[in-house]
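Please look over the sequence and the model before reading on. The report below is meant for a reader who has not met this structure before.

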Amino acid sequence: MTLPGSPFLAYQGADLFLDDVPLRDLVKQHGSPLYVYSRRAMLAALAPYQRALQGRAHLVCYAVKANSNLAVLQTFAKAGCGFDIVSEGELARVLAAGGEAGKVVFSGVGKTRREMRLALEAGVRCFNVESTAELEVLSQVASEIGRTARVSLRVNPDVDAGTHPYISTGLKGNKFGVAHEVALATYRRAASLPGIEVVGIDCHIGSQITEVSPYLDALDRVLDLVEAIEAEGIRIHHLDLGGGLGITYTDEVPPAADVLIGQLLAKIDARGHGHREIVFEPGRSLVGNAGVLLTEVMFLKPGEQKNFCVVDAAMNDLMRPALYEAYMSIVNTQQPDGATEVWDVVGPVCESGDWLGRDRALNVQAGDVLAVLSAGAYGMTMASNYNTRGRAAELMVDGNQVWVVREREAVADLFKLEMLLPV
Ligand code: LLP
């Protein structure tokens with residue numbers, strides 16, 4: 001049986017291993033549900049980015065929102081990465097994990113004044129600004145504390161990334177970025193404001209993109225703008241082409257990162273922009289296939305119309321299926337002999353939307369441990385405490401080493417910030 005995604009995940013005999021660790025044993029030891037990530041797989045995913053960009057000024061800024069566990073951030077910081085953040089909380093995590101503020105780009109359509117001030121004080125490399133209104137507030141905040149904010153404007157190139165509408169961001173109807181038509185005027189405004197220094201341009205057109213062409217289209221639009229901006233004497237130092245590269249959840253065949261980057265660099269060079277620093281903000285493609293969510297089968301509930309396999313992980317642990325109807329592969333961590341049946345894999349939460357997989361052919365018994373694959377990105381970071389369920393523990397493996405990198409939340413943690421009324 002071939003598994004989608006990671007070469008670090010494979011059956012050895014009947015048992016599913018991540019690196020050299022049999023996954024079923026981890027649940028016996030650490031309980032269920034459980035997120036497990038492979039450090040090797042993450043570094044292997046980063047390697048083609050670094051290889052393709054070698055020899056030119058560049059920065060790979062890992063998008064923290066994909067998986068913000070401190071050990072994950074530490075791994076990328078040690079590998080030389082910068083970070084793409086969207087909140088004060090993500091900045092604090094990056095610094096706690098040993099990341100450098102000078103390699104941080106701050107994205108997001110709604111940064112607060114407080115967040116702007118904290119990021120300026122920390123010395124972040126660049127603010128990816130998304131509107132004139134934000135630019136003006138940033139100018140005020142920077143002037144108040146006597147700092148200069150280095151900025152890049154996130155431009156909306158109006159290209160269709162061909163992905164799910166909830167994770168498509170580069171179309172006119174999206175809330176993101178500065179429209180192409182007004183970008184030049186916004187750059188003029190930026191250049192005139194106190195406390196602001198223009199350093200770059202950026203775009204991010206969506207997520208789980210499996211084709212090169214939307215990137216090339218967006219790049220052409222961005223380079224057109226760069227030429228118009230520089231014609232007015234405003235210098236653009238770096239090009240930030242965002243994140244968005246897809247992964248294999250089932251049978252998608254996204255371009256390899258080095259192939260994508262090779263094509264982008266060829267266009268950049270051909271249009272005479274080869275001297276600029278290149279920034280990318282990948283999230284999913286660095287961590288998605290490096291992680292699994294393990295969950296124990298509690299009950300089998302065969303029915304007339306549907307067979308339900310009730311597991312102990314739910315939509316609060318992994319929201320992607322419920323929110324985007326995302327398909328994530330599910331396999332048994334111990335491949336039993338015998339025939340499969342078709343099951344809906346569902347969690348214990350009181351909602352019909354609480355499913356992890358529908359119509360899945362599985363050979364499964366109560367007590368088995370299933371692995372939801374490609375769960376390293378947007379799994380734990382989107383988890384909630386809905387139904388007063390504590391969030392799962394997280395482990396990191398490397399070879400045959402295993403580390404707990406987040407403890408399971410205890411019930412007492414779940415309401416420790418709440419209080420009873422005094423009367
Ligand atoms: N940069 C910016 C400005 C972003 O908004 C994002 C993701 C990234 C970089 C990283 O994109 P990636 O390389 O991971 O595609 N929760 C959704 C995905 C939301 C993506 C939001 N922005 C999901 O589970 O599919």
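The sections below cover the ligand, its surroundings and some aromatic pairs.

## The model and the ligand site

This is a predicted model. The ligand occupies the space of the largest pocket. On its own, the ligand has 590 Å² of accessible area, and polar contacts are described first, followed by how much of that area the protein covers.

## Polar contacts and cover

Three residues can be listed by their distances to oxygen atoms of the ligand. In the side chain of Tyr378, an N or O atom is 2.6 Å from a ligand oxygen. Arg284 takes part through its backbone, where an N or O atom lies 2.8 Å from an oxygen atom of the ligand. For Lys65, a side-chain N or O atom is 3.4 Å from a ligand oxygen. The protein covers 92% of the ligand's 590 Å² of accessible area.

## Residues around the ligand

There are 18 residues around the ligand. Those that come nearest are Ser207, Glu281, Arg320, Tyr324 and Tyr378. Tyr378 is also the residue whose side chain has an N or O atom 2.6 Å from a ligand oxygen.

Sorted by class, the shell holds six nonpolar, six polar and six charged residues.

## Aromatic pairs

The structure contains five aromatic pairs. One of them joins Tyr35 and Tyr37 in a stacked arrangement, with 6.2 Å between the centres and 25° between the planes. Both Tyr35 and Tyr37 are buried.

Another pair is formed by Tyr62 and Phe83. Their arrangement is edge-to-face, at 6.4 Å centre to centre and with 80° between the planes.

Note on methods
Residues numbered from 1 in each chain as written. Predicted model: local features only at pLDDT ≥ 70, side-chain atom pairs only at ≥ 80, totals over all residues. Heavy atoms only, no water. Near = heavy atom within 4 Å. Polar contact = N/O pair within 3.5 Å; in protein donor to acceptor, adjacent residues only side chain to side chain. Areas by Shrake-Rupley, 256 points an atom, 1.4 Å probe, with all protein chains shown as cover. 1 Å grid on protein atoms, 1.4 Å probe; cavity = no way out; pocket = protein on both sides within 12 Å on 5 of 7 lines; lining within 4 Å. Sits in = over half its atoms within 2 Å of the grid points. Nonpolar A, V, L, I, M, F, W, Y, C, P; charged D, E, K, R; others polar. Phe/Tyr/Trp six-rings, centres within 6.5 Å; stacked < 30°, edge-to-face > 60°. Buried < 20%, exposed > 50% of the residue type's maximum accessible area, 1.4 Å probe, protein only.
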